[in-house]
Amino acid sequence: MYFSVLIPVYNQMGKMDNCIKSLKEQTFTDFEAIFVDDGSTDDSGAFLDELCTSDKRFSVYHHEKNMSLVGARFTGMKHACGDHIVFLDSDDALTNDALEAIKNAFDDGEPDMIRFGLVMQPQNFEIMPIESDDCLRDFMELKFPPAIWKNAYSADIIRKTIEVGEPFYCNMGEDSFFSSMFFTFAKNIKILPKVIYLYDATAGMSQTSVTSTMTKLVKDYTNIHASGEHILSFIKKYNSDYTALAERAVNNMLRYILLQNMLYAKDCLDVVEYLEFFKAKGHTSVYEFGCKVLIPYKVMFDLKRNDERFANLELPDMFKELPEK
């Protein structure tokens, strides 16, 4: 079998139609689609059971309880039989010729990984992969996002990941965890300059939260901390030359969740509480960054958002400020 397409699912009833339709309409048909029902509490599991009886290429594995995106992806990887692996979120879709295009790219030189383009919908904003001579370094330096569904992989990369990695609960920072391993193991990476992934920016975790509470901040921190600990453990053991870079990358992940929560904090007392939380956790540089950089930025952000007199206020590009120098 040429491809295994891995699709984690959690409470996605009524949101998987485009994903499933795009798989059924692939011009290249030598693939299996593995759905992992990650402890859904709606009818997603029963729906997938019925779906898989109608198409022999489709199969589903059920988790009795939610094990997070990391756990769901590990289950899919362990059951994959294809020589090449594609990750697909259940609320996204592929172009009809996606697998055919990826196959042609793999057959031309047999790379370890193929990076391809996507389109954000409904904005119809296309994003093509940037050239890189060191993808591990560049994603850790925030030069491009670590989303693993923007690439296709040889099964050998996945097998190596299963051998050294282990599932843990994490629903934020999981792509950085997997990318740390995938980019370490992939020695030959090829760019396919073609849009083949249809990313729904209005669904699921793609939506940006416009509310923030201490409970949310703690949840975000718990996820990022878990991801960061596993990233550092892996890098120190298997790719130690990148240890300092990985430490900065994890710190930047913490800066990012502080930024997101500070922006939508309801008042200054919440901001103080968020900053004190990071200080108490021992993340002094994140705390200082919040005090010196993020507080002035939030003031400008709130003025722009809440006062029409400042509607044209230009905000600094925080993604240029976030990386730790």
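Start by selecting β1, residues 3-9, and look at its two faces: F3, V5, I7 and V9 lie on one side, S4, L6 and P8 on the other, and all of them are buried. Keep in mind as you go that this is a predicted model. With seven of its seven residues buried, β1 is largely enclosed by the rest of the structure.

**Stop 1: the neighbours of β1**

Now add β2, residues 31-38, to your selection. β1 and β2 pair in the parallel sense, over seven bridges. To see one partnership up close, pick I7 and then F35, its bridge partner in β2. Follow the chain between the two strands: it leaves β1, passes through α1 and arrives at β2, making a right-handed β-α-β crossover.

Which strand does β1 join through four bridges? Select β4, residues 84-87, which runs parallel to β1. Here a good pair to click is S4 and I85, since I85 is the bridge partner of S4 in β4.

**Stop 2: the two sides of α2**

Next, select helix α2, residues 44-54, and colour S44, G45, L48, L51 and C52, its buried residues. Turn the view until you look down the helix axis: these buried residues fall within an arc of 120°, so they line one face of α2. The spacing has a simple background: an α-helix has 3.6 residues a turn, so residues three or four places apart point the same way.

What do the buried residues of α2 pack against? Show β1, α1 (17-24), β2 and β3 (58-63), and you have the elements they touch. Then swing round to the other side of α2, where A46, E50, T53 and S54 are exposed.

**Stop 3: the cysteines**

C52, one of the buried residues of α2, leads on to the next topic. How many disulfides does a search of the whole structure find? The count is zero. Select C81 to check one case: the closest cysteine sulfur to its own is that of C52, 14 Å away, which is too far for a bond. A disulfide would need the two sulfur atoms within 2.5 Å. C81 itself is exposed, with a relative accessible area of 54%.

For a second case, go to C291. Its sulfur is 13 Å from the closest cysteine sulfur, which belongs to C268, and that is again too far for a bond. Is C291 buried, exposed or partly exposed? At 29% relative accessibility, C291 counts as partly exposed.

**Stop 4: backbone angles worth a click**

A little background helps here: most residues other than glycine have a negative phi, and most peptide bonds are trans.

Zoom in on the loop between β6 (113-121) and β7 (125-127), where you will find P122. The peptide bond from Q121 to P122 is cis, with omega near 10°. Stay in this loop between β6 and β7 and select N124. Phi of N124 is near 55°, a positive value in a residue other than glycine. N124 is exposed, with a relative accessible area of 56%.

For the last selection, move to helix α3, residues 68-79, and pick S68. S68 also has a positive phi, near 75°, and is a residue other than glycine. Is S68 buried or exposed? Its relative accessibility is 0%, so S68 counts as buried.

Terms used: Residues numbered from 1 in each chain as written. Predicted model: local features only at pLDDT ≥ 70, side-chain atom pairs only at ≥ 80, totals over all residues. Heavy atoms only, no water. Buried < 20%, exposed > 50% of the residue type's maximum accessible area, 1.4 Å probe, protein only. Arc of directions from axis to C-beta. Contact = heavy atoms within 4.5 Å. Pairing = 2+ DSSP bridges. Right-handed = clockwise from strand over helix to strand, strands pointing away.
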